[in-house]
Amino acid sequence: MTPEGLARAFFTLIAAFLTLAPAAAGAADIAAGKHLARSYCAQCHVVVDQGKSHRARVAGAPPDFSLIARDPGTNVEKLNAFLRFPHGQMNNVLLTRKEIDNLADYIESLR
Ligand code: HEC
């Protein structure tokens with residue numbers, strides 16, 4: 001097998017694993033996460049909604065959520081850990097665990 005073939009097989013395996021992951025997100029969680037993303041994150045991140053992108057307004061803009069989602073290094077656990085603390089000068093936004101879960105599910109749904 002070529003190295004590319006091997007890499008492809010590897011990612012297919014990961015994708016299959018993620019699909020089978022027990023903590024599969026419900027549609028309600030994803031919708032709630034999207035709502036949160038629009039209220040709390042869209043002033044910095046591009047939050048794409050059915051092909052329309054809510055443009056980031058910050059110079060040196062942070063990554064688009066769909067790019068974060070497609071990064072093979074991203075998963076729900078990492079997003080959960082990352083979102084527990086403020087970042088990128090996110091002022092005064094303290095997310096509850098449930099909100100963090102919903103946001104992570106939403107971002108993952110953009111894959
Ligand atoms: C004030 C601007 C700002 C806000 C608001 C903001 N972010 Fe960010 N975000 C950034 C910047 C800048 C980065 C890149 C630098 C960093 O990682 O700190 C980033 C990076 C990230 C990353 C990591 C990307 C990666 O793979 O390295 C995630 C995930 C993320 N943001 C999610 C969110 C979520 C979810 C919200 C809403 C709850 C949010 N951000 C709100 C500015 C912001």
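How many helices and strands does the chain have? I started there, and found five helices and two strands. Worth jotting down right away: this is a predicted model.

**Layout.** I walked along the chain from the N terminus and wrote the order of its elements as α-α-β-β-α-α-α. Next I looked up the contacts between residues at least 6 apart in sequence, and 55% of them join residues at least 24 apart. I also checked burial: of the 111 residues in the chain, 16% are buried.

**Confidence.** I wanted to know how far to trust the picture. The mean pLDDT of the chain comes out at 77, and 64% of the residues reach 70 or more. Then I went looking for a weak patch and noted residues 16–22, where pLDDT stays under 50. For that stretch the model has zero contacts beyond four places in sequence.

**Helix H2.** I picked out H2, which covers residues 27–41. I counted 15 residues in H2, and its first and last C-alpha atoms lie 20 Å apart, close to the 21 Å expected at 1.5 Å a residue. Which residues of H2 are buried? My list reads Gly33, Lys34, Leu36, Ala37 and Cys41. Looking down the axis of H2, I see these buried residues fall within an arc of 165°, so they line one face of the helix. A reminder to myself: an α-helix has 3.6 residues a turn, so residues three or four places apart point the same way. I then turned to the face of H2 pointing away from the buried side, and there I found the exposed residues Ala27, Ala28 and Ser39.

**Around the ligand.** Which residues come nearest to the ligand? Out of 20 residues around it, I noted Cys41, Cys44, Pro62, His87 and Gly88 as the nearest. Cys41 was already in my notes as one of the buried residues of H2. H2 and helix H4 (76–83) each supply at least two residues of the shell. I sorted the shell by class and got 14 nonpolar, five polar and one charged residues.

**Phe85.** Last stop, the loop between H4 and helix H5 (97–109), where I found Phe85. Is Phe85 buried or exposed? I looked up its neighbours: Phe85 has 9 other C-beta atoms within 10 Å, so it is exposed, the cut-off for that being 12 or fewer. I also took one distance here: the C-alpha atoms of Phe85 and Leu95 are separated by 8.6 Å, and these two residues sit ten residues apart along the chain.

Definitions and conventions: Residues numbered from 1 in each chain as written. Predicted model: local features only at pLDDT ≥ 70, side-chain atom pairs only at ≥ 80, totals over all residues. Near = placed C-beta within 6 Å. Helix = DSSP H or I, 4+ residues; strand = E, 2+ residues; numbered from the N terminus. Nonpolar A, V, L, I, M, F, W, Y, C, P; charged D, E, K, R; others polar. Buried ≥ 20, exposed ≤ 12 C-beta atoms within 10 Å, placed from the backbone. Expected span 1.5 Å × (residues − 1). Arc of directions from axis to C-beta. Contact = placed C-beta atoms within 7 Å. pLDDT = per-residue confidence, 0-100.
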